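User: I would like to go through the strands and cysteines of this model. Please keep the answers short.

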Amino acid sequence: MTMHKTAHVSVDAMIEDLRTLVETESPSRDLDALRASAKVVAAVIESRLGGQAVLVESEAGPHVHWSGGGDPKVLILGHHDTVFPLGTLERRPFLVEDGHATGPGVFDMLGGLVQAVHGLATLEDRSGVEILMTADEEVGSRSSRALLEERALACGAVLVLEGAADGGALKTGRKGCGTFQVSIAGRASHAGLEPAAGVNALIEAAHQVLDIAALGRPEIGTTVTPTVASAGTLDNVVPAEATVVVDVRVESAHETERIESAFAALAPHLDEARIAVEGAVSRPPMPESAATELFAVAQRLLPGLEGKAVGGGSDGNFTAALGVPTLDGLGAVGGGAHADHEYLVVEAMTERANLVAGLVKAIRHR
């Protein structure tokens with residue numbers, strides 16, 4: 001597939017910037033690492049686009065915001081935090097081999113940032129464009145949500161530079177997602193001498209896991225998956241406490257309401273057991289309707305481009321829920337997000353950079 005108009009981007013220069021970003025490790029919640037990462041992200045943006053990238057301080061680390069000036073028209077949205085702890089780079093250094101770039105964060109989502117910056121650099125006029133790279137997307141976007149929603153509403157269109165779906169497809173829909181924690185309080189007793197005197201929080205947790213799993217409706221896109229559980233202290237003590245963590249994905253606001261109500265209504269099976277629930281569906285669903293307009297533009301620019309609805313969430317969920325046209329998955333072509341085999345397809349970088357540039361030009365003139 002070829003673009004109607006080829007922009008001039010340098011793969012070597014993109015690889016150089018990608019190496020710089022990957023070799024500045026940026027695990028979520030590590031404030032010192034994120035401060036260093038934000039400075040490097042800002043430096044890369046400024047060196048390629050000019051102007052000044054502002055570091056917006058937050059309790060989760062600095063977000064990086066750049067504006068090309070003029071009336072805001074389009075927001076380039078992404079994040080510079082990664083899921084990999086410090087030291088991952090030593091074990092898995094940045095490497096370009098056999099057409100793939102590998103290293104922590106290349107696909108999710110440092111490659112997308114690099115492609116967007118180099119795509120924008122081909123435009124003589126960069127007015128109306130804003131870039132926002134947040135520091136906490138991988139941990140829920142609690143500190144950045146208000147800012148990214150503000151800029152999305154101001155701009156009126158959002159291009160999300162998360163990695164592409166399988167085969168390079170754009171992400172035209174996403175499920176809403178959230179995490180719930182169910183805490184169970186029982187009463188400890190000696191498991192041999194007086195087991196009946198206790199209230200076994202582990203048994204109560206087993207009941208709750210079955211009740212919770214039954215809330216799923218995969219036929220309409222709702223998955224409810226218990227993922228982490230803990231209980232007990234010693235092998236001869238009736239457990240007094242237990243916790244169950246649950247991952248939830250939904251495709252509609254109606255299902256969000258049903259699931260949140262169901263968790264709030266969970267009731268104990270054992271006499272004297274107590275249950276407390278925390279959590280919510282924190283990222284609203286991203287309906288495919290939010291991407292319709294922008295995806296049509298992308299298909300005109302790159303005939304044959306596919307779009308897919310996916311289960312994972314991104315900051316595009318928030319912007320789409322506001323009614324702002326949002327197109328996701330515009331970043332790196334590759335795979336293995338959050339895994340040791342994460343990779344980026346080098347050959348696709350130029351095409352994706354040009355696609356971002358073409359979308360920006362089209363959005364500004366719509």
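User: In what order do the four strands of the open sheet stand?

Analyst: The model is a predicted one. Strands of a sheet can pair in the parallel or the antiparallel sense. In this open sheet of four strands the pairing is antiparallel, and the order is β4-β5-β16-β15.

User: Which strands stand at the edges of that sheet?

Analyst: An edge strand here has a single partner strand, so one side of it is left without a neighbour in the sheet. That applies to β4 (95-97) and β15 (334-335).

User: Which residue in β16 stands opposite histidine 100?

Analyst: Strand β5 covers residues 100-102 and strand β16 covers residues 343-345. The two run antiparallel and are joined by three bridges. Opposite histidine 100 stands valine 345.

User: What is the bridge partner of valine 54 in β2?

Analyst: Strand β1 spans residues 53-56 and strand β2 spans residues 63-67. They pair in the antiparallel sense over four bridges. For valine 54, the partner in β2 is histidine 65.

User: Which residue takes a positive phi in the hairpin of β1 and β2?

Analyst: Six residues lie between the two strands of this hairpin. With a phi near 115 degrees, the residue is glycine 61.

User: Are cysteine 155 and cysteine 177 buried or exposed?

Analyst: The cut-off for buried is under 20% relative accessible area. Cysteine 155 has 6% relative accessibility, and cysteine 177 has 10%. Cysteine 155 therefore counts as buried, and cysteine 177 likewise counts as buried.

User: How many disulfides does the count come to?

Analyst: A disulfide requires a pair of cysteine sulfur atoms within 2.5 Å. By this rule the number of disulfides is zero.

Definitions and conventions. Residues numbered from 1 in each chain as written. Predicted model: local features only at pLDDT ≥ 70, side-chain atom pairs only at ≥ 80, totals over all residues. Heavy atoms only, no water. Pairing = 2+ DSSP bridges. Buried < 20%, exposed > 50% of the residue type's maximum accessible area, 1.4 Å probe, protein only.
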